[in-house]
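Subject: Structure for your files, with notes

Hello,

Here is the structure I promised to pass on. My notes follow below it.

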Amino acid sequence: MSEPSAENRRHLVAQVVASVDPRLQQALQGALSSPGPCPRPRDTQTVVIAGHRAAGKTRLLPLVSKLLGRTGLDLDSELERRHGRALRTWVAESPSTFRAAERETLGILPGGSVVSVGGGFLSHHPDALQGHFTLVVPVTFDTYRERLTADTTRPRLRADVSLEEELHSMFHERESLHARVPTISLADFLRGCLAQEST
């Protein structure tokens with residue numbers, strides 16, 4: 001897969017902006033026209049798309065893959081395929097073996113690919129991301145709450161409390177943990193993609 005032309009790159013960047021949390025689209029669009037860092041992953045460096053549950057990581061995977069001209073892989077799909085287990089029941093029945101498997105699987109995927117990881121990866125395995133280009137998909141708490149309240153297919157992570165308590169505690173705990181991990185913002189990454197046109 002080859003990198004897109006400048007025109008296609010601009011179109012893909014616009015699609016990425018349109019795919020993120022609607023509450024953040026205007027700020028993201030503004031950030032793209034402001035000066036700032038323009039990081040680009042090395043050719044052999046794996047790009048990891050991370051962030052909260054329901055942030056839109058899976059939706060952005062094919063767009064980021066096309067922007068970089070690289071193969072895209074969904075870690076959750078890879079886990080289900082390799083282990084023959086549905087994630088919904090696996091996470092509920094044996095969270096520790098699930099976490100061990102997701103960490104191991106990221107380590108054996110082809111280097112240089114684009115991989116979207118589950119919502120807990122960034123907070124559970126920060127050291128496994130060393131050396132990777134970790135791109136964070138932003139989401140506001142209100143959008144996170146709306147999406148997870150509407151999506152009954154996702155497993156509960158704290159069934160001993162109400163869904164509202166679970167959502168609030170998980171979001172804010174993970175926000176704190178995410179802040180400790182070296183990552184690349186979506187705005188900086190997209191600015192880097194657009195900056196290629198002038199190089």
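Valine 16 makes contact with Leu60, Leu63, Leu67, Leu186 and Leu190, leaving aside residues up to four places away in sequence. Please keep in mind that this is a predicted model. Valine 16 sits in helix α1, and its relative accessibility of 0% makes it a buried residue. Leucine 67 is 51 residues away from valine 16 in sequence, yet the two C-alpha atoms are 9.8 Å apart in space.

Helices α1 and α3

Helix α1 covers residues 6–19 and helix α3 covers residues 57–68; their axes come within 10 Å and cross at roughly 160°. An angle over 145 degrees counts as roughly antiparallel, and α1 and α3 are therefore roughly antiparallel to each other. The crossing of α1 past α3 is left-handed. On the α1 side the contact involves Arg9, Leu12, Val13, Gln15, Val16 and Ser19, and on the α3 side Arg59, Leu60, Leu63, Lys66 and Leu67. By type, the residues of this contact are six nonpolar, two polar and three charged.

Helix α3 also holds serine 65. Is serine 65 buried or exposed? Serine 65 has a relative accessible area of 5% and is buried. Outside the residues up to four places away in sequence, serine 65 touches Met1, Arg70, Thr71, Gly72 and Val114.

The sheet

Five strands form an open sheet in the order β2-β3-β1-β4-β5, and the pairing is parallel. The edges are β2 (72–74) and β5 (184–185); each has a single partner strand, so one side of each lacks a neighbour in the sheet. Helix α4 (residues 75–83) packs on the sheet, where it touches β2 and β3 (114–116), and its direction makes about 65° with that of β2.

Strand β1 is joined to β3 by three bridges, and the two run parallel. With β4, β1 pairs in the parallel sense over four bridges. Isoleucine 49 appears in both pairings: its bridge partner in β3 is serine 116, and in β4 it stands opposite leucine 135. Leucine 135 in turn stands opposite isoleucine 184 in β5. Strand β4 (residues 133–136) and β5 run parallel and are joined by two bridges.

In a regular strand, side chains alternate between the two faces of the sheet. In β1 both faces are covered: Val47 and Ile49 are buried on one side, and Val48 and Ala50 are buried on the other.

The loop after β1

The loop between β1 (47–50) and α3 contains alanine 54. Alanine 54 is not a glycine, but it has a positive phi of about 65°. Most residues other than glycine have a negative phi. Alanine 54 is also buried, at a relative accessible area of 9%.

Helix α10

Helix α10 runs over residues 186–195, and eight of its ten residues are buried, so it is largely enclosed by the rest of the structure. Which residues of α10 are buried? They are Leu186, Ala187, Asp188, Phe189, Leu190, Arg191, Gly192 and Cys193. The cover over them includes α1, α2 (25–32), α3, β4 and β5. For the α1 part of that cover, valine 16 is one residue to look at, since its contacts include Leu186 and Leu190.

Helices α4 and α6

Helix α4, already mentioned for its packing on the sheet, also packs against helix α6 (residues 95–108), at an angle of about 105° and with the axes 10 Å apart. Angles of 65 to 115 degrees count as roughly perpendicular, and α4 and α6 are therefore roughly perpendicular to each other. From α4, the contact takes in Leu75, Asp76, Glu78, Leu79, Arg82 and His83; from α6, it takes in Phe98, Ala101, Glu102, Thr105, Leu106 and Ile108. These residues divide into six nonpolar, two polar and four charged.

Regards

Note on methods: Residues are numbered from 1 along each chain as its sequence is written. This is a predicted model: local features need pLDDT of at least 70, side-chain atom pairs count only at pLDDT 80 or more; totals for chains, interfaces and linings use all residues. Side-chain values use heavy atoms; hydrogens and water are left out. Axes are lines fitted to C-alpha atoms, for helices over the stretch in contact, and angles run from 0 to 180 degrees between N-to-C directions. Angles under 35 degrees count as roughly parallel, over 145 as roughly antiparallel, 65 to 115 as roughly perpendicular and the rest as oblique. A crossing is left-handed if the near helix is turned anticlockwise from the far one by less than a right angle, and right-handed if clockwise. Contact means heavy atoms within 4.5 Å. Ala, Val, Leu, Ile, Met, Phe, Trp, Tyr, Cys and Pro count as nonpolar, Asp, Glu, Lys and Arg as charged, and the others, Gly among them, as polar. Two strands pair if DSSP finds at least two bridges between them. Buried means under 20% relative accessible area, exposed over 50%, partly exposed in between (1.4 Å probe, protein chains only).
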